[in-house]
Amino acid sequence: MGRLVPDPTAAPATTWQSATVERVAVETYRAKTFTLRLAEPSPFRAGQHYDVRLTAPDGYQAQRSYSIASAPDDFGRIDLTVELIPDGEVSPYFHEVVEPGDLLEVRGPIGGPFTWTPDLAGPLLLLAGGSGIVPLKSILMHRGLASPDTPALLLYSARGPEDIIYRKFLDSAGRRNPSVAVRCALTRRQPPGWIGYDRRVDPAMLRECIDELMTMHGNDSVPLSYACGPTGFVEAAADALLSIGVDEATIRTERFGPTQ
Ligand SMILES: Cc1cc2nc3c(=O)[nH]c(=O)nc-3n(C[C@H](O)[C@H](O)[C@H](O)COP(=O)(O)OP(=O)(O)OC[C@H]3O[C@@H](n4cnc5c(N)ncnc54)[C@H](O)[C@@H]3O)c2cc1C
């Protein structure tokens, strides 16, 4: 655990800096987490991301954004979780080449609206599609450390059980704390005896989640909603929230790319 005060000498978010890969952890058959030690750390907010730039020997460069998976409380280190897009340019490099000890070029932290700080309180309705779970894990972890009484319900939509990223973390987050509920929608493959949702996010599902969150919370405060994942998921989730009367001003979204 490190300091949280802003460091005036820290590199601005627009400056590229080097980061050392300290650890690589396999999350699923197509997601790995890379722990990076930053050369010039800056404080960040849960929900922000870093840009990563790769440079080929001939000078060709490719740049992509990756959300921070870890909590802001671990100063100087960030976790990035990268899902493999098999025909992609950057994510296969992470999966096939990057290993502990490597240096990467990064800049950040970046991102404003899709962030959560304890002063925003809650309750929190967190909606994740696929790798959209990444920044929501950071928000959940920070909530647990800085504001453990803030109620949160995470609804995670994945294709099948083998696609669930951070399974251990999510299992224990939901079990340990009465203020946190984790619900899962498996849209394509459900294990025998599955009692979670077996369909894509829709208005009825979100109504149930909000009702559950309000029951946990015990009062009428309007939840803050964060939806993150592939463009199609985020649009469906935001439309569903609006269709059941959720105020647009309480919905924050982050789109990672094409529809799943
Ligand atoms: C703010 C922000 C935060 C992000 N955070 C994360 C993160 O935490 N983890 C993570 O894995 N990704 C994240 N992404 C997506 C990431 O930036 C890349 O787009 C992704 O890794 C694909 O890059 P690539 O070079 O491998 O594929 P590309 O070469 O860019 O694309 C190859 C093919 O895959 C398709 N494709 C591209 N992106 C996706 C996608 N996300 N889903 C499905 N198909 C896709 C393209 O249309 C193309 O057909 C984030 C994106 C944004 C904008």
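**Notebook: a ligand shell and two domains**

I began with the shell around the ligand and noted that its largest share, four residues, comes from E4. The model I am reading is a predicted one.

**Entry 1: the ligand**

I listed what surrounds the ligand and got 21 residues. The closest are Gly 88, Val 90, Ser 91, Val 134 and Gly 257. I then asked which elements give two or more residues to this shell. They are strand E4, residues 61-67, and strand E5, residues 77-83.

I sorted the shell by class. Eight of its residues are nonpolar, eight are polar and five are charged.

Where does the ligand lie with respect to the domains? Residues of the shell come from both domain 1 (17-110) and domain 2 (118-255), so the ligand lies between them.

**Entry 2: the two domains**

I looked up the domain assignment, which gives the chain a domain 1 at 17-110 and a domain 2 at 118-255. I noted 24 Å between the C-alpha centres of domain 1 and domain 2. On the contacts, 15 residues of domain 1 touch 14 residues of domain 2. On the domain 1 side of this contact, strand E1 (17-28) and E5 each supply at least two residues. By class, that side of domain 1 has seven nonpolar, five polar and three charged residues.

**Entry 3: the antiparallel sheet**

Next I traced an open sheet of six strands. I wrote down its order as E4-E3-E6-E1-E2-E5, and the pairing is antiparallel. Why is one side of E4 and of E5 left without a neighbour in the sheet? These two strands stand at the edges and each has a single partner strand, so nothing in the sheet pairs with the other side. I also noted the turn between neighbouring strands here, which is 40° on average, direction ignored.

I followed strand E3 (residues 49-55) in both directions. Towards E4, it runs antiparallel and is joined by seven bridges. His 49 stands opposite Ser 67 in E4. E3 and E4 make a hairpin with five residues between them. In that turn, Gly 59 has a positive phi of about 95°.

Towards strand E6 (residues 103-110), E3 is again antiparallel, with four bridges. I found Val 52 opposite Val 106 in E6. I also found Arg 53 with Glu 105 of E6 as its bridge partner.

**Entry 4: the parallel sheet**

I turned to an open sheet of five strands. The order is E9-E8-E7-E10-E11, and here the pairing is parallel. Strand E9 (180-186) and strand E11 (251-255) are at the edges with a single partner strand each, so one side of each has no neighbour in the sheet. The average turn between neighbouring strands is 10°, direction ignored.

How many bridges pair strand E7 with strand E8? I noted six, in the parallel sense, between E7 at residues 124-129 and E8 at residues 152-158. Ala 128 stands opposite Tyr 156 in E8.

I then checked helix H2, residues 133-146, which packs on this sheet. H2 touches E7, E8, strand E10 (224-229) and E11. The direction of H2 makes about 150° with that of E7.

**Entry 5: backbone details**

I looked for cis peptide bonds and wrote down one from Gly 108 to Pro 109, with omega near 0°. Pro 109 sits in strand E6.

I wrote down another cis peptide bond from Gly 122 to Pro 123, also with omega near 0°. Where is Pro 123 placed? I found it in the loop between E6 and E7.

The loop between E6 and E7 also holds Ala 121. Ala 121 is a residue other than glycine with a positive phi, near 55°.

**Entry 6: confidence**

Last, I looked up the pLDDT. The chain has a mean of 92, and 94% of its residues reach 70 or more. Over residues 1-8 the value is below 50. Beyond near neighbours in sequence, I noted 11 contacts for this stretch in the model. Where pLDDT is low, the predicted coordinates should not be read in detail.

How values were computed: Residues are numbered from 1 along each chain as its sequence is written. This is a predicted model: local features need pLDDT of at least 70, side-chain atom pairs count only at pLDDT 80 or more; totals for chains, interfaces and linings use all residues. A residue is near a molecule or strand if its C-beta atom, placed from the backbone, lies within 6 Å of it. Ala, Val, Leu, Ile, Met, Phe, Trp, Tyr, Cys and Pro count as nonpolar, Asp, Glu, Lys and Arg as charged, and the others, Gly among them, as polar. Domain bounds come from an automatic or database domain assignment. Two residues are in contact if their C-beta atoms, placed from the backbone, lie within 7 Å. Two strands pair if DSSP finds at least two bridges between them. Axes are lines fitted to C-alpha atoms, for helices over the stretch in contact, and angles run from 0 to 180 degrees between N-to-C directions. pLDDT is the predictor's confidence in each residue, from 0 to 100.
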